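Please walk through this structure with me, beginning at the bound ligand and moving outward to single residues and the whole chain.

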Amino acid sequence: MSVEKIDTLVVGGGQAGLAMSEHLSKCGVPHLVLERHRIAERWRSERWDSLVANGPAWHDRFPGLEFPVTGPDGFPPKEEVADYFVAYAKHIDAPIRCGVEVKLVQRIAGRPGFRVETSGGVIEANNVVAATGPFQRPVVPALVPADAGLLQIHSSAYRNPGQLPAGGVLVIGAGSSGVQIADELLRAGRRVYLSVGPHDRPPRAYRGRDFCWWLGVLGKWDAETPRPGMEHVTIAVSGARGGHTVDFRRLAAQGMILVGRTDSYENGTVRFAPDLADNLAHSDASLMSLLDEADAYVARNGLDLPEEPDARRIEPDPDCVTHPLSDLNLAAAGITSIIWATGFTVDYSWLKVDAFDETGRPKHQRGVSVEPGIYFLGLPWQSRRGSSFIWGVWHDAKHVADRIATQRKYLAYHASANEAQGRTQRQPEG
Ligand SMILES: Cc1cc2nc3c(=O)[nH]c(=O)nc-3n(C[C@H](O)[C@H](O)[C@H](O)COP(=O)(O)OP(=O)(O)OC[C@H]3O[C@@H](n4cnc5c(N)ncnc54)[C@H](O)[C@@H]3O)c2cc1C
């Protein structure tokens, strides 16, 4: 039986896979994108119902197409984001096959290329690009046992308040997902405890410009590595209800009970680290430092952007911050659900090649792995802070496609050189 062959196989039909396809086409590289479900499936069905993009439509998009419904300064709902990528696939005429899962990739022994086992048969490829996303496998710390007598779900499984049993909710993690879910539950009338770890809290907008603009002009999206000590710091930002600055003190004033980082669990009681006030103080400091940099940028460039002193106003600490809970008996507090908004990790169990370190993380430079022919796209901090976001992955894809095209040129050179050599060697015989 003949085996299907393709030069470059892209695994994953999310934004990364589509960006890859666009740039491979521009470089003239024959390729195929395989997506196990539908285009941009994670946006379509693996997030909560009310999610809107965290960045405005003018920013969180690819250069070649605008969002058709939401205006440039709005925040598109997740369905519109998914539809956008379906339209984008058509726009670039991406060679994409949906409903095909890649099960195993292995190097072919004794000759170049990879054998790819899929749910639709075997494919051989010279190159494989893993574009399966920065947020693949939910991370839930092993703290509260599964038989603790309450519902426990990861933020990726949360859809809406109606899905949870009646009663209070403990949301663990206060990055963009945790804080938005906690806010939604509070608005739905739930008693909500929010466990707040270290985080950054940029202003939604300042002096009339969205924080995405500020991070852009200040060069922060292009930072190549996290600031030392900030590697595990999450960012709390929201596009919900037209977009607003995340303000934990305001949430507390509305009835949310803030607690420190969740540390341990024993006999129905959760214990919290005594770090709540510090975590809030650090994020206030990061907010102020961004405002300072923005002011300096305005002054240096003589920009006519209205001053906004209110952006620096910090409300007094609420009681839950000045007298923080050190522990909480879940049953006594009426908590019936825990939502773990504790992030994701990668899972490359299908990629059996020598491109990973001892912790399973890809060994690569800007997506070009140490295993020739294997590439990654969409990794957090792949080349810069913006790498896992919509606009950032497009630029990383350009680099990866360029590297693939360059390698093809080297191989083509050797092929023609060998041919020429073969001709010279054959000539005397003829
Ligand atoms: C809650 C949340 C909100 C976010 N909001 C924003 C935002 O507002 N703006 C922004 O820029 N970014 C945002 N991001 C970050 C990022 O844009 C998304 O995570 C985005 O989905 C990443 O796109 P991707 O193509 O890299 O990966 P994914 O969207 O995860 O796409 C990977 C695709 O690969 C497929 N796949 C996986 N394994 C296989 C396999 N073995 N075979 C075939 N197919 C496979 C999956 O089905 C999936 O469709 C958000 C992330 C989260 C978690």
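In this predicted model, a polar backbone atom of Val102 lies 2.9 Å from a nitrogen atom of the ligand. Two further backbone approaches involve oxygen atoms of the ligand: a backbone N or O atom of Ala16 is 2.8 Å from an oxygen atom of the ligand, and a polar backbone atom of Ile390 is likewise found 2.8 Å from an oxygen atom of the ligand. The ligand would expose 980 Å² if it were taken alone, and the protein buries 95% of that area. Among the elements of the protein, α1 (15-26), β2 (31-35) and α2 (41-45) are those that give two or more residues to the shell around the ligand, and the largest share, 3 residues, comes from α2.

The shell itself can be described by its members and by their classes. There are 31 residues around the ligand, and those that come nearest are Gln15, Glu35, Arg42, Asn54 and Asp60. Sorted by class, the shell holds 13 nonpolar, 11 polar and 7 charged residues.

Helix α1, which has just been named as a contributor to the shell, also holds Leu18. Is Leu18 buried or exposed? Leu18 is buried, because its relative accessible area is 0%, and the cut-off for that word is a value under 20%. Leaving aside residues up to four places away in sequence, Leu18 touches Ile39, Phe62, Phe85, Ala89, Ile92, Ala94 and Ile96. The C-alpha atoms of Leu18 and Ala40 are separated by 9.2 Å, although these two residues stand 22 residues apart along the chain.

A second residue to look at is Thr8, which has its place in strand β1, a strand that spans residues 4-11. With a relative accessibility of 0%, Thr8 too counts as buried. Which residue has a side chain joined to that of Thr8 by a polar contact? The partner is Asn127, and the contact between the two side chains has a length of 3.1 Å. Asn127 is also one of the residues that Thr8 touches once those up to four places away in sequence are set aside, and the others are Leu24, Val29, Pro30, His31, Leu32, Val129 and Ile404.

From here the path leads to the later part of the chain, where Gln382 is placed in the loop between β24 (374-376) and α9 (390-426). Although Gln382 belongs to a loop, this residue is buried, with a relative accessible area of 4%. A polar atom of the Gln382 side chain lies 3.2 Å from the backbone nitrogen of Gly378. Apart from residues up to four places away in sequence, the contacts of Gln382 are with His364, Arg366, Gly367, Phe376, Leu377, Ser387, Asp396 and Val400.

Two other loop residues deserve a look for their backbone angles. Most residues other than glycine have a negative phi. Asp93, which is not a glycine, nevertheless has a positive phi of about 55 degrees, and its place is in the loop between α3 (78-91) and β3 (96-98). With a relative accessible area of 65%, Asp93 is exposed, because that word applies to values over 50%. Asn267 has a positive phi as well, near 50 degrees, and is a residue other than glycine. Asn267 is found in the loop between β16 (262-266) and β17 (269-272), and with a relative accessible area of 72% this residue is exposed.

Finally, the view can widen to the protein as a whole. The protein is divided into domain 1, made of residues 4-136 + 346-418, and domain 2, made of residues 139-340. The centres of the two domains, taken over C-alpha atoms, are separated by 31 Å, and the contact takes 22 residues from domain 1 and 30 residues from domain 2. The secondary structure comes to 9 helices and 24 strands, and the C-alpha atoms fill a box of roughly 95 × 60 × 40 Å along the principal axes. Of the 430 residues in the protein, 50% are buried. Among contacts with a separation of 6 or more, 68% join residues 24 or more positions apart. The accessible surface of the protein comes to about 20,500 Å², and carbon and sulfur atoms account for 52% of it.

Technical notes
Residues are numbered from 1 along each chain as its sequence is written. This is a predicted model: local features need pLDDT of at least 70, side-chain atom pairs count only at pLDDT 80 or more; totals for chains, interfaces and linings use all residues. Side-chain values use heavy atoms; hydrogens and water are left out. Helices (H or I, at least four residues) and strands (E, at least two) are DSSP runs, numbered from the N terminus. Buried means under 20% relative accessible area, exposed over 50%, partly exposed in between (1.4 Å probe, protein chains only). A polar contact is a pair of N or O atoms within 3.5 Å; within protein, one must be able to donate a hydrogen and the other to accept it, and residues adjacent in sequence count only if both atoms are side-chain atoms. Contact means heavy atoms within 4.5 Å. A residue is near a molecule or strand if one of its heavy atoms lies within 4 Å of it. Accessible areas come from the Shrake-Rupley method with a 1.4 Å probe; for residues, only the protein chains shown count as cover. Ala, Val, Leu, Ile, Met, Phe, Trp, Tyr, Cys and Pro count as nonpolar, Asp, Glu, Lys and Arg as charged, and the others, Gly among them, as polar. Domain bounds come from an automatic or database domain assignment.
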